[in-house]
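Here is a friendly walk through one protein model, from a single residue out to the sheets and the ligand shell. Keep the sequence and the 3D view at hand as you read.

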Amino acid sequence: MRTAYTADQIRGAEHELMARLPEGTLMQRAASGLAAVCAGLLGAVYGGRVVLLVGSGDNGGDALYAGRLLARRGARVGAVLAGSRTHEAGLAAFVRAGGRVVDRAALEEADLIVDGLVGIGASGALREPYRELVEEANAIGAPIVAVDVPSGVDASTGQVGGAAVHATVTVTMGAYKTGLLVDPGAAHTGVLELVDIGLGSYLPDPDVAVLTRGDLDLMLPRPGQETDKYRRGVLGVAAGSDLYTGAAVLAVGGALRAGAGMVRYAGTEPPVTQVRAHWPEAVITLLDRPSIENVGRVQAWVLGPGLGTGDWAHELAAGVLASDVPVLIDADGLTLVAKDKELLRRSAPVLITPHAGELARLIGADRGDIEAARLKYVRAAAAELGVTVLLKGSTTVVAEDSRPTRVNVTGTPWLASGGTGDVLSGMAGALLAQGLSCYDAASCGAYLHGLAGRRAAGGAPLAAADVAAAVPDAIRSITGGSTTATRDETIRHEDRRR
Ligand SMILES: NC(=O)C1=CN([C@@H]2O[C@H](COP(=O)(O)OP(=O)(O)OC[C@H]3O[C@@H](n4cnc5c(N)ncnc54)[C@H](O)[C@@H]3O)[C@@H](O)[C@H]2O)[C@@H](O)CC1
Ligand SMILES: [K+]
């Protein structure tokens with residue numbers, strides 16, 4: 001699991017570590033990591049033209065000490081001093097090594113630009129002259145290495161209040177910062193490089209966590225030797241309507257591909273006909289009234305994709321939510337609970353999977369505000385509604401009260417197409433039915449969905465059904481295709497040992 005921290009958390013850890021080390025040690029560690037990345041980007045360091053944008057704090061100090069190391073190796077390094085003051089010792093060392101103070105016109109000639117304007121000490125939108133320098137640097141087209149955080153991105157939240165550096169590489173010191181992983185900030189970081197400065201054991205519990213392939217390998221349910229279709233997890237799907245039949249087909253498809261032992265689909269004639277045609281594996285209940293009474297036992301429900309928002313759908317939703325198993329609510333299901341929050345009063349777990357517009361309706365916020373500050377709103381929603389929230393979008397985030405928010409980084413913009421959300425709800429629902437908690441089902445579901453989306457797209461447009469079809473391959477790429485050993489393999493193994 002990768003972990004990330006707010007600026008305050010990092011500062012606290014740095015403070016403790018610094019007290020145990022000679023002054024300046026951390027900055028030297030940061031600078032040598034930074035210089036190594038710059039050298040790699042320059043290729044030939046000797047004669048390379050590097051321009052440092054130097055702010056008034058220690059972020060500028062990092063840039064100056066890295067500039068010194070590059071100058072010593074023969075690079076032609078200039079520093080644009082943008083702040084009202086400059087890290088004194090850093091500047092003196094830089095000049096001693098042959099670095100020069102230049103004006104901003106030098107940017108035009110740069111082979112590489114180093115953004116040392118502000119790091120974790122920044123507050124609010126960039127002030128002048130930083131803002132103007134950032135716009136100029138972005139326009140040049142030379143690679144930009146951001147020191148610690150691209151200036152203009154809030155290290156703790158990923159919010160961007162105005163101009164911000166578009167980095168080719170961000171070299172971050174000691175630990176990942178939350179804002180580097182969450183959009184809109186994440187879109188500014190380019191490649192993320194972590195420099196170890198020894199902070200590790202001083203870090204508190206993380207602010208956010210990112211699942212890795214290894215985590216998925218451990219968390220994904222695998223069928224045991226003694227299993228059967230019921231024990232693997234039965235998912236109920238209440239989705240689709242006379243008007244929207246496709247949502248039902250896609251949700252059931254996502255669920256079957258993500259490993260549900262059985263999917264029980266309940267709906268009216270038109271979606272039932274479609275689900276039957278696409279997925280003969282699904283067990284169907286044709287509803288003549290909005291009740292799940294005759295559906296049979298399930299371990300979890302998916303409620304809402306394409307369900308409609310009228311009285312019939314409301315009554316069906318009330319029935320599903322009155323059950324005693326976990327329920328994933330998506331799409332029209334979210335519109336229904338936005339109008340009648342009482343539906344959420346239940347003792348079994350609830351996972352909701354809104355996009356920003358749906359979340360806006362649920363908590364009475366503005367869609368644009370949510371997109372600009374995803375973490376703030378997803379956490380507020382989880383606390384206010386008392387449910388697990390998976391907020392879809394450019395960065396998918398999963399929040400549950402008192403747990404680190406999980407950030408998914410596997411997605412691709414190609415997934416922004418109709419019906420992919422229905423597939424995700426089926427997938428996460430299947431993981432719920434297989435016994436994962438809402439928190440794990442949501443974050444594993446998002447990871448797999450992103451990975452399947454990438455595989456289905458391969459750099460070209462995809463249709464939602466392609467994403468469901470790519471799920472087994474995505475799972476195989478995580479598990480290496482291994483399940484538990486077959487009886488056959490075990491016996492051969494015993495033979496060899498004898
Ligand atoms: N503390 C440490 O031991 C270490 C710090 N390091 C570096 O130090 C950085 C933090 O240094 P500082 O705490 O000095 O803070 P920064 O250098 O990030 O920024 C603080 C300065 O920026 C100005 N500023 C703040 N917001 C601004 C805005 N919106 N527009 C224009 N100017 C603004 C402030 O007036 C202040 O002078 C880290 O990001 C990292 O790069 C690293 O060297 C690792 C070790
Ligand atoms: K910076």
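Ala465 is partly exposed, because 19 other C-beta atoms lie within 10 Å of its own, while a buried residue would need 20 or more. This is a predicted model, so please read every value here as computed from it. Ala465 sits in helix 17, which covers residues 464-479. Which residues does Ala465 contact, leaving aside neighbours within four places in sequence? They are Leu250 and Gly253. Leu250 is 215 residues away from Ala465 along the chain, yet their C-alpha atoms are separated by 6.5 Å.

Both Ala465 and Leu250 fall within residues 212-478, the span that an unreviewed UniProt entry lists as "domain: YjeF C-terminal". The C-alpha atoms at the two ends of that span lie 10 Å apart. Its make-up is 48% helix and 14% strand.

**The whole protein**

Stepping back, the protein has 498 residues, and 53% of them count as buried. Its secondary structure comes to 18 helices and 19 strands. The C-alpha trace spans about 85 × 70 × 45 Å along the principal axes. Among contacts with a separation of 6 or more, 72% are between residues 24 or more positions apart.

**Two open sheets**

The table sets the two sheets side by side.

| Sheet | Strand order | Pairing | Edge strands |
|---|---|---|---|
| Open, twelve strands | 8-1-10-19-18-17-16-15-14-11-12-13 | mixed | strand 8 (176-177) and strand 13 (283-286) |
| Open, seven strands | 4-3-2-5-6-7-9 | parallel | strand 4 (100-101) and strand 9 (191-195) |

In the twelve-stranded sheet, strand 15 (residues 327-329) and strand 16 (residues 350-352) run parallel and are joined by three bridges. Val327 stands opposite Val350 of strand 16. Helix 8 (residues 246-257) lies across strand 11 (234-238), strand 12 (262-267) and strand 14 (300-303). The direction of helix 8 is at about 165 degrees to strand 12. Leu250, the contact partner of Ala465, belongs to the residue range of helix 8.

In the seven-stranded sheet, strand 2 (residues 49-54) pairs with strand 5 in the parallel sense over five bridges. Within this pair, Leu53 stands opposite Asp115 of strand 5. Helix 2 packs on the sheet and touches strand 2, strand 5, strand 6, strand 7 and strand 9. Its direction makes about 165 degrees with that of strand 7. Helix 3 lies across strand 2, strand 3 (76-81), strand 5 and strand 6, at about 160 degrees to strand 2.

**The annotated binding site**

The unreviewed UniProt entry lists Asn59, Asp115 and Ser151 under "binding site". Why can these residues be said to gather at one spot? They span 93 residues in sequence, but no two of their C-alpha atoms are more than 9.8 Å apart, so they do come together.

Asp115 has its place in strand 5 (residues 112-116). Is Asp115 buried or exposed? It counts as buried, because it has 33 C-beta neighbours inside 10 Å. Not counting residues up to four places away in sequence, Asp115 touches a set that includes Leu53, Ala137, Ile144, Pro150 and Ser151. Leu53 therefore appears twice in this account, as a contact of Asp115 and as the residue opposite Asp115 across the strand pair.

Ser151 is found in the loop between strand 6 (144-147) and strand 7 (169-173). With 29 C-beta neighbours inside 10 Å, Ser151 counts as buried. Beyond four places in sequence, its contacts include Asp115, Leu117, Val118, Tyr130 and Val165.

**Around ligand 1**

How many residues surround ligand 1? There are 28, and the closest are Gly57, Asp58, Asn59, Gly119 and Gly121. The elements giving two or more residues to this shell are helix 1 (7-18), helix 2 (25-42) and helix 3 (58-72). Helix 3 gives the most, with four residues. By character, the shell divides into 13 nonpolar, ten polar and five charged residues. Asn59 links the two topics, being among the closest residues to ligand 1 and also one of the "binding site" positions in the UniProt entry.

How values were computed
Residues numbered from 1 in each chain as written. Chains lettered and ligands numbered in written order. Predicted model: local features only at pLDDT ≥ 70, side-chain atom pairs only at ≥ 80, totals over all residues. Near = placed C-beta within 6 Å. Nonpolar A, V, L, I, M, F, W, Y, C, P; charged D, E, K, R; others polar. Pairing = 2+ DSSP bridges. Contact = placed C-beta atoms within 7 Å. Axes fitted to C-alpha atoms, helices over the stretch in contact; angles between N-to-C directions. UniProt positions renumbered as here; feature names shortened; annotations may be inferred. Buried ≥ 20, exposed ≤ 12 C-beta atoms within 10 Å, placed from the backbone.
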